[in-house]
Amino acid sequence: MSLSLFYVCCRWLHLTALITLAGASAFTVLLAPAGFRDRLSTKFTTLLRLSAALSLLSAISLLAAQTGLMGEGWYDIASADVWQAVLNTRFGQVWQWQLIAALTGVIALVIKGRAGQVLLLLSAIGQLTGLAFVGHAAMLEGTAGTLHRLCQGVHLLSAAFWAGGLLPVLLLMKDIRQRISQDEAISTLMRFSRYGHLAVSLTILSGIINARILLGWPPSSFRLYSQLLLAKVLLVALMSGIALINRYLLVPRFRRREGTSRRSFMILTVAELLIAGAALALVSLFATLEPA
């Protein structure tokens, strides 16, 4: 595997892990009723542990890959001098904080109760926000650069709430059928739906602003970066369409045609989850390219 491909794969894994960690943590800390939080945290234990561990592992791997790319390839990953040079760059300085935030998330796994749940969410938020200070968002200076980093932070956080909440939604569908937790599960899902509208809107709006800052208007060319960005836009539009079908067509039918509607809802949610994974793959790829 080439070092460049390894970097793209690590970036995809890092984004996926962070978004999953943020989405699942938001459910346990912000969306679940107080009496349902501990049960939900226990239900999400494997998901939270895996995503927190992968966010740390992928953050380390990304730093190693970046070190090799700034050097002469795989061999320079073992060079202390190259590591020192990378850590002194803007990327290296930001990434040291990323590693601290990722390590904090792993430590939070051993802290019981709400304190651990809140710390996990803060770890995810810190890492997602930190991504706004590297890559294309860090290219510009002054007012334009500040606006771009602000929009990128909003874009990452809102997208994490939306896409990161899809897997927890699937896991909660089982609780809807259990009388002991049915009311709490429905309440949690309704809160996700309510704030999900805002998350989707912010994801789209901040994405438009980011594209406008990077590419200008009208775009001066339609190179590979722009082509991949357009493909991502189409995937996000497809996700939005599925979300609208789920919320306004299938959910109201849960009571009247419970079995068929719920199965359709879960199938479409899985499809939305897979599309989100494809969109993250595109992001991981075109983040390595120069905008037009």
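The legends below describe close-up views of a predicted model.

**View 1. Helix α6 and the helices around it.**
Helix α6 covers residues 113-130, 18 residues in total. From its first C-alpha to its last, α6 reaches 26 Å, close to the 26 Å expected at 1.5 Å a residue. The buried residues of α6 are G116, Q117, L120, L121, S123, A124, Q127, L128 and G130. These buried residues pack against α1 (3-31), α2 (37-43), α3 (45-70), α5 (90-108) and α7 (142-164).

**View 2. Helix α5 and its buried residues.**
Helix α5 has 19 residues and spans 27 Å between its first and last C-alpha, close to the 27 Å expected at 1.5 Å a residue. Buried positions in α5 are F91, G92, V94, W95, Q98, A101, A102, G105 and A108. The partners that the buried residues of α5 pack against are α1, α3, α4 and α6.

**View 3. The surroundings of H14.**
H14 is part of helix α1. Its relative accessibility is 1%, so H14 counts as buried, the cut-off being under 20%. Leaving aside residues up to four places away in sequence, H14 touches S55, S58, A59, L62, W95, Q98, Q127 and L131. Two of these contacts, W95 and Q98, are also listed among the buried residues of α5. Another contact of H14, Q127, is among the buried residues of α6.

**View 4. The packing of α1 against α7.**
The axes of α1 and α7 are 8 Å apart, and the two helices pack at an angle of about 80°. The helices α1 and α7 are therefore roughly perpendicular to each other, a class that takes in angles of 65 to 115 degrees. On the α1 side, the residues that meet α7 are I19, T20, A22, G23, A24, A26 and L31. Their counterparts in α7 are A160, F161, A163 and G164.

**View 5. The packing of α1 against α8.**
Helix α8 (residues 166-176) packs against α1 at an angle of about 50°, with the axes 8 Å apart. The helices α1 and α8 are therefore oblique to each other. Here G23, A24 and F27 in α1 meet P168, V169 and L172 in α8. G23 and A24 also appear among the α1 residues that meet α7.

**View 6. The packing of α7 against α8.**
The axes of α7 and α8 come within 5 Å and cross at roughly 25°. The two helices, α7 and α8, are therefore roughly parallel to each other, as angles under 35 degrees are classed. W162, A163 and G164 in α7 meet L166, L167 and P168 in α8. Of these residues, A163 and G164 also meet α1, and P168 in α8 meets α1 as well.

**View 7. The aromatic pair of F6 and W74.**
The count of aromatic pairs comes to six. One of them is formed by F6 and W74, with 5.3 Å centre to centre and 50° between the planes, and is tilted. F6 lies in helix α1 and W74 in the loop between α3 and α4 (80-87), so the pair ties together parts that are 68 residues apart in sequence. F6 is partly exposed, with a relative accessible area of 23%. W74 is also partly exposed, at 43% relative accessibility.

**View 8. The aromatic pair of Y225 and F286.**
The ring centres of Y225 and F286 are 5.2 Å apart and the planes stand at 70°, so the pair is edge-to-face. Y225 in helix α10 (residues 224-250) and F286 in helix α11 (residues 258-286) are 61 residues apart, and the pair links these distant parts of the chain. Y225 is buried, with a relative accessible area of 5%. F286 is buried too, with a relative accessible area of 6%.

**View 9. An aromatic cluster and a charge over a ring.**
Ring pairs link F27, F44, F161 and F192 into a cluster. In this cluster, F27 is one of the α1 residues that meet α8, and F161 is one of the α7 residues that meet α1. Elsewhere, the charged end of R247 sits over the ring of Y248, 5.2 Å from the ring centre.

**View 10. L214 and H148.**
L214 is found in helix α9 (residues 182-215). With a relative accessibility of 18%, L214 counts as buried. L214 and H148 are 66 residues apart in sequence, and their C-alpha atoms are 8.6 Å apart in space.

Terms used
Residues are numbered from 1 along each chain as its sequence is written. This is a predicted model: local features need pLDDT of at least 70, side-chain atom pairs count only at pLDDT 80 or more; totals for chains, interfaces and linings use all residues. Side-chain values use heavy atoms; hydrogens and water are left out. Helices (H or I, at least four residues) and strands (E, at least two) are DSSP runs, numbered from the N terminus. The expected span of a helix is 1.5 Å times one less than its number of residues. Buried means under 20% relative accessible area, exposed over 50%, partly exposed in between (1.4 Å probe, protein chains only). Contact means heavy atoms within 4.5 Å. Rings of Phe, Tyr and Trp (its six-membered ring) pair if their centres lie within 6.5 Å; planes under 30 degrees apart count as stacked, over 60 as edge-to-face and the rest as tilted. A charge sits over a ring if NZ of Lys or CZ of Arg is within 6 Å of the ring centre and within 35 degrees of the ring normal. Axes are lines fitted to C-alpha atoms, for helices over the stretch in contact, and angles run from 0 to 180 degrees between N-to-C directions. Angles under 35 degrees count as roughly parallel, over 145 as roughly antiparallel, 65 to 115 as roughly perpendicular and the rest as oblique.
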